[in-house]
Number of protein chains: 2
Amino acid sequence: MHQPSATPSAREVELLEAAYEYALTHGLAELSLRPLAKAIGSSPRVLLYLFGSKDGLVRALLARARTSELTLLAGFQADQGLPQVALRLWEWLSAPEHRALLTLWLEGYARSLVEPDGAWAGFARATVEDWLGVLTAAQPPDVRDTDNGRAQCTEILALLRGALIDLLATGDVARTSTAVQRRLA
Amino acid sequence: MHQPSATPSAREVELLEAAYEYALTHGLAELSLRPLAKAIGSSPRVLLYLFGSKDGLVRALLARARTSELTLLAGFQADQGLPQVALRLWEWLSAPEHRALLTLWLEGYARSLVEPDGAWAGFARATVEDWLGVLTAAQPPDVRDTDNGRAQCTEILALLRGALIDLLATGDVARTSTAVQRRLA
DNA sequence: CCTTTACTGAAACGACTGTTTCAGTAGACT
DNA sequence: AGTCTACTGAAACAGTCGTTTCAGTAAAGG
């Protein structure tokens, strides 16, 4: 046996990184051990040894995705006002090189709603709170933590994410960007 | 053999309806023939006979979902202005009894982005256009079909959908509804 | 009555799933 | 040298998957 430790080994983070790259292009829904292992130069045996189970691996992948999301969000900490932060967020969201990552994010989001238990538990809710946190931090302190302030953040979050899933489906950067900027200007 | 006909038989629509109910509570990602067949009082054999393949069944389910979406949207045809239509749409979206349907919708949406070929092809894009159509129809004719008009519809669509996926994850009707109404009032 | 059409049941096929068993190898520590 | 830890390969296990084969029933039309 082997419990995936709190301090992962070097090989573990190495394989997790490779698996993450793989998931970015292949999605999480159809992820299975043998093709993944072959693609990243490993074996199902090793993946199970390091992550305990497939659920453990998926959990690690989800955590990995959320980590890189959080470090990204940390870069947007509120020196400017809410609209500016939101606009810079949209710049990041609409960048073509982040398409795969965000599709993966949406997939995890949807999955965690369908299957609230198991590996996906709480992923959607967690990311709502992560993003709301960043937006809230960009608000002036006198508005923050009021009903009005939370509604404002929720609206901006909705705008960004709604425009994002529109963009992911249509690829229409011009239309979605105009819509976002139109509201935030 | 058996090609699923353009004019489905009585038994076919009956089973499709039952399968749709099943999908609403179990999701599409983990749908498999044997459990589904058992639950709706049928057999894998019959489902394959009627729908040709599992892909055919999923396609039929997706089409079924889109159909009921379209007949819903038809009920919101523009007698009032855009904000009123959007508010009534949000009323429908935030109703607790539609939670399962909308989760299914989001699942199909995400899946069609990850796997753009096969049964899911074009689902996400199609629903974007469906919704945008309704919102556009609610605009005054002089704004319609201008860049500005399309940006406005896109923004409202983003708001509604962003608030929807927030609601689906958190269940927080109060916060999300306030956010939507705050923008549309 | 006979044929055709629509549907159904039981069982099997091959491919794939996550996981386990057993057997190692390579390097670091004592 | 010997032991311990970390990791790995090959093969098998039991289960599920979509699909096919072969069989049969029941009703409708001529």
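These legends walk through several close-up views of a predicted model with two protein chains and two DNA strands.

**View 1. Chain A is built from helices.** Let us start with a single chain. Chain A contains nine helices and zero strands, so its pattern, read along the sequence, is simply α-α-α-α-α-α-α-α-α. The C-alpha trace of chain A spans about 55 × 35 × 30 Å along its principal axes. Of its 185 residues, 38% count as buried. Among the contacts in chain A with a separation of 6 or more, 63% link residues 24 or more positions apart.

**View 2. Two domains in chain A meet through a set of helix residues.** Chain A is divided into domain 1, residues 10-60, and domain 2, residues 66-184. Taken over C-alpha atoms, the centres of these two domains of chain A are separated by 27 Å. Where they touch, nine residues of domain 1 of chain A are in contact with eight residues of domain 2 of chain A. On the domain 1 side, H1 and H4 of chain A are the elements that give two or more residues. By class, that side has five nonpolar, two polar and two charged residues.

**View 3. Residues of both chains surround DNA strand C.** Here we look at the surroundings of DNA strand C, which comprise 18 residues. Which of them come nearest? They are Ser32(A), Ser53(A) and Lys54(A), together with Ser9(B) and Arg11(B). Chain A supplies at least two residues of this surface from each of helix H2 (33-39), H3 and helix H4 (54-74), and chain B does so from each of helix H1 (10-26) and H3. The surface near DNA strand C divides into seven nonpolar, five polar and six charged residues.

**View 4. Residues of both chains surround DNA strand D.** Turning to DNA strand D, we find 18 residues around it. The closest are Ser9(A) and Arg11(A), along with Ser32(B), Ser53(B) and Lys54(B). In chain A, helix H1 (10-26) and helix H3 (44-51) each supply at least two residues of the surface near DNA strand D. In chain B, helix H2 (33-39), helix H3 (44-51) and helix H4 (54-74) each do likewise. The residues of this surface divide into seven nonpolar, five polar and six charged.

**View 5. Chain B meets chain A.** This view brings the two protein chains together. The contact takes 36 residues from chain B and 37 residues from chain A. On the chain B side, two or more residues come from each of helix H6 (99-114), helix H7 (123-137), helix H8 (147-170) and helix H9 (173-184). The largest share of that side, 16 residues, comes from H8(B). Sorted by class, the side of chain B that touches chain A has 18 nonpolar, seven polar and 11 charged residues.

**View 6. A rotation relates the two protein copies.** Chain B superposes on chain A by a rotation of 180° with 0.0 Å of shift along its axis, at an RMSD of 0.0 Å. The two copies are therefore related as by a two-fold rotation axis. The same surface serves both copies, with 100% of the contact residues of chain B recurring in chain A.

**View 7. Leucines in the nonpolar core.** The largest nonpolar core has 106 residues. Those with the most contacts inside this core are Leu135(A), Leu160(A), Leu135(B) and Leu160(B). Leaving aside neighbours within four places in sequence, Leu135(A) is in contact with Leu82(A), Val85(A), Ala86(A), Cys153(A), Ile156(A) and Leu157(A).

**View 8. Leu93(A) and its partners.** Leu93(A) sits in helix H5 (residues 82-94) of chain A. Is Leu93(A) buried or exposed? Leu93(A) counts as buried because it has 20 C-beta neighbours inside 10 Å. Beyond its neighbours within four places in sequence, Leu93(A) is in contact with His98(A), Leu102(A), Leu160(A) and Leu164(A). Leu93(A) and Leu160(A) are 67 residues apart in sequence, while their C-alpha atoms are 8.3 Å apart in space.

**View 9. Asp145 has a positive phi in each chain.** Asp145(A) lies in the loop between helix H7 (123-137) and helix H8 (147-170) of chain A. Its phi is near 65°, a positive value in a residue other than glycine. Asp145(A) counts as exposed because it has 10 C-beta neighbours inside 10 Å. In chain B, Asp145(B) is found in the loop between H7 and H8, and phi of Asp145(B) is also near 65°. Asp145(B) is exposed, with 10 other C-beta atoms within 10 Å.

Definitions and conventions:
Residues numbered from 1 in each chain as written. Chains lettered and ligands numbered in written order. Predicted model: local features only at pLDDT ≥ 70, side-chain atom pairs only at ≥ 80, totals over all residues. Near = placed C-beta within 6 Å. Helix = DSSP H or I, 4+ residues; strand = E, 2+ residues; numbered from the N terminus. Nonpolar A, V, L, I, M, F, W, Y, C, P; charged D, E, K, R; others polar. Buried ≥ 20, exposed ≤ 12 C-beta atoms within 10 Å, placed from the backbone. Contact = placed C-beta atoms within 7 Å. Least-squares fit on C-alpha atoms with pLDDT ≥ 70 in both. Domains from an automatic or database assignment. Core = buried A, V, L, I, M, F, W, Y, C linked by C-beta atoms within 7 Å.
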